[in-house]
Amino acid sequence: MPSNTLFAYAGLSHASHATIKSLDLDAVRSAHGVVSVITADDIPGLKDIGPVIPGDPLITKSSVEFYGQVLFAVAATSQSDARRAARLARVEYDLLPADLDIEAGRKANSYVSPMHCQQKGNVDFAIDNAPFSLEGKFASGGQEQMYLEGQVSIAIPEENGNMLIHTSSQNPSEGQKLVAKVLGIDYSKVTVQVRRMGGAFGGKETHANQWACLAAVFAQKTKRPVRLRLARADDFSSTGKRHPFESQYRVGFDKEGRIRGLDVDLYGGCGMSADLSNAIVDRAMFHIDNCYYLPAVRVRGYRVKTHTVSNTAFRGFGGPQGILAIENIIEQIATATGIDPLKVRERNFYTDEGNRNRTHYAQTIEQHIIEPLVTRLTETSDYYERRKDIRKFNVDNDVLKRGISLTPVKFGISFTMQHMNQAGALLHIYTDGSIQLNHGGTEMGQGLYTKVAQIVAREFSVDLSRITCTATRTDKVPNTSPTAASSGSDLNGMAARDAATKLKKRLCDFAEKHFSTPRSSISFNNGQIIVGKEKYPFEDIIKLAYHHRVSLSATGYYRTPKIYYDRETATGRPFFYFAYGAAVAETIIDTLSGEYRILRVDICQDVGQSLNPAIDIGQIEGGFVQGMGWLTTEELKWEQTGRLASHGPATYKIPAVGDTPSEFNVELFPNSPNTEATIFHSKAVGEPPLVLGISAWTAIRDAIASIAEYRVSPILDAPATPEQVLAACDHLRSSRAL
Amino acid sequence: MAKTHVTTTINGDLKEFLCEPGDTLLQVLRDELGLTGTKEGCGSGDCGACSVLINDRLVCSCLVLGVETNGDVIETVEGIGDSDKLHVIQEKFLEHAALQCGICTPGLVVSTKALLEENPNPTEEEARYYLAGNLCRCTGYDKIIKAVLDAAETMRESA
């Protein structure tokens, strides 16, 4: 960083819902090291950075809508001076009643946007006429992304009022757009660069923008580079998380456990603004079926407003919440019918038999992968044998109880906003034969740069070491979509391949003419270009092509085919394809303390034809553990003031190395190329495995259920913290006593 | 505020620096000395990303003040292997693909080195117990444990 760099920090609200009576910043201005202080009035351009619809003030002016909202910002000569000064404001609030959870938001009839409904068949008739029916409520908690590297941005003023932003963001193009609008300058004057992120998980899709914009306002004002990095506790309090969800359902089914009809209302806790909540609640609705055919269904998705930080993307983007809702219902049906939950699941799988293959939004399931995948996993994990052993163990033991569960996932791949499904790439070949690659995707540890470089290396048949992937920059590939929705390799891989294909065609055209040889005799092989009987090193042909004035630079572009969704009729084909997987988790719980351990996990995941098995297995293991954390130990707690109490790893417990299973078997489902024309027939792998963490939660539920001989459903919301588990155990013990 | 003069040995070299009384060792390493391999994950001693060795003792450098380290021998990730020749632990992390975003990796490499110096032949449980202070949000830890145990074996063989 240049030596004249300033350090910025945000002054945060200490009320969750209030009007600001007065904001006295004298002490901030006169604090040691302070160079500049800004309020909402100092923003030169756009003051609201809501990514889809307004509602997210860059700096709030007269009202506060969550504890930790930005009231002002300060720039000083050191990080500690800036942080210290940001705490010196004297703020007087007129407190207003705050709706801190979904229930309060619903009572207040407060929503960030209108409800959306998807419906198929006559639901009420189907449920009323089913042999059995159940109704209930279910809640799942939010989740902090807890990327190990917090939010950070640096704004560097350049000539002619231009601005260069280095930021830890999944969405450089949106950062560029918002910085430009906030500064009141053309998009073309702002360049955003993202070399890599230290984890993101959705938390840097829209919630990185605010810090980049604040740094940019200071940089424009002071003509000095400005860095803004949030301390962990403020990162927790002031940036969005996974949406908590509540659901109410009524389900009709037969004695075999087959669902006849499902009526479910999903309430997503959106926080104080819409942010990405519409698409997130939609994705929960799209996934309410998981792998199961629902003959008649009505799902309503409500977007509840609360006076908490605006919730945002987190790996799975609502999908896991929808799937968890139906997996809970499946468990309830299994208890009610006395059938093994795995059997109930299998009986409800989508199948072409009897045309049980259309989703509630009218997309036809074309590839039936889940059935053979689950059959395989049932065998490799020895599910039934172990289940028998566990039943015996539970009869023999009073205090410790074990549980086992298999849960599947079907995850829809594509942004549900059609226009976002596009990507660009830029490819240069230099005269030494080395290749520089750039694309719109960002690297956050998921291995995207490696995968896309592999694709280019494979196209030219050159060694991977010949490819350099440069930092994602808005001046290299413009108008990109966020690296999100598991789409990174699908979109950017195809765009890079398109660029490579163009360059290969140019090289072939040239060679055909230059060597007077038919096209069919030219091929790329192992660092060489073969022309007829001659073999030339790749770089020799490149040099030759350059001397014969062949352009060695190309852009590539891709847009996903086939997809659309009509919101009016709530039908369409929003997903290009589905990724599947299943996990078996085994747990042991202490029924007197509620403590538990996950003993063993077996996973089989469908990644199509894997682009890189090591990377894919890493995504699967990491995704599973993150999903397990969401449903077990990760609990967000707010004080009555609306202050987040669990604001760091000491109070918010993500899985540590001792919490993960010591036996962890992961297999990529073999011989299962994607039937759609994706990049080398691979499948997305980022989000789907997170959903498999549900098996840990259902395994715990299974262990608890043993207390009452599996006849009573445990009352267990998510996360299943030890406290929740103990309460569920106590409840079953008392029901047994009756 | 008056700055204090501190003399330490870092990665084998004598290092002098000036720091304010409130500056943490982490701040000194990163901002004063440019040793940015040590990462700040939480700043509260709960994640282990800033792990370093002080006089062979594993600590979170965010919980140590710079002024406290006068006369100490400090080892950071930069002192473990170099870009020409990686340490066995680093090689094994790469071989097992035991890292994704990489922010936890330097701390884990330092902690693993401390573990293997204390206990060259740890059981899996001992390794998990020792590394419990190093959080990773990406990998799910399985590959990390495999890398650590593999590194232990390789180091025992070459010892």
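Helix axes that meet at an angle under 35 degrees count as roughly parallel. In this predicted model, helix H13 of chain A, spanning residues 448-460, packs against helix H14 of chain A, spanning residues 488-514, at an angle of about 25°. H13(A) and H14(A) are therefore roughly parallel to each other. Their axes lie 9 Å apart, and the crossing of the two helices is right-handed.

A look at the residues fills in the picture of this pairing. On the H13(A) side, the contact is made by Leu448(A), Lys451(A), Val452(A), Ile455(A), Val456(A), Glu459(A) and Phe460(A). These meet a set of residues in H14(A) that includes Gly488(A), Ser489(A), Asn492(A), Gly493(A), Ala496(A) and Arg497(A), and further along Ala500(A), Thr501(A), Leu503(A), Lys504(A) and Leu507(A). By class, the residues of the contact between H13(A) and H14(A) comprise nine nonpolar, five polar and four charged.

Attention now turns to the enclosed spaces. Searching the whole structure reveals eight cavities of 30 Å³ or more, and the largest cavity holds about 220 Å³ of space. Its lining is made up of 19 residues. Nearest the centre of the largest cavity are Ile49(A), Asp56(A), Pro57(A), His207(A) and Gln210(A). Helix H6 of chain A, which runs over residues 209-222, supplies three lining residues, the largest share of the lining. In character, the lining of the largest cavity divides into eight nonpolar, nine polar and two charged residues.

Key:
Residues are numbered from 1 along each chain as its sequence is written. Chains are lettered from A and ligands numbered from 1 in the order in which they are written. This is a predicted model: local features need pLDDT of at least 70, side-chain atom pairs count only at pLDDT 80 or more; totals for chains, interfaces and linings use all residues. Side-chain values use heavy atoms; hydrogens and water are left out. Axes are lines fitted to C-alpha atoms, for helices over the stretch in contact, and angles run from 0 to 180 degrees between N-to-C directions. Helices (H or I, at least four residues) and strands (E, at least two) are DSSP runs, numbered from the N terminus. Angles under 35 degrees count as roughly parallel, over 145 as roughly antiparallel, 65 to 115 as roughly perpendicular and the rest as oblique. A crossing is left-handed if the near helix is turned anticlockwise from the far one by less than a right angle, and right-handed if clockwise. Contact means heavy atoms within 4.5 Å. Ala, Val, Leu, Ile, Met, Phe, Trp, Tyr, Cys and Pro count as nonpolar, Asp, Glu, Lys and Arg as charged, and the others, Gly among them, as polar. On a 1 Å grid over the protein atoms alone, a cavity is a set of points where a 1.4 Å probe fits but cannot get out, and a pocket is an open set with protein on both sides within 12 Å along at least five of seven lines; lining residues have an atom within 4 Å of a point. Grid points are joined across faces, edges and corners, and a volume is the space filled by probe spheres set on the points.
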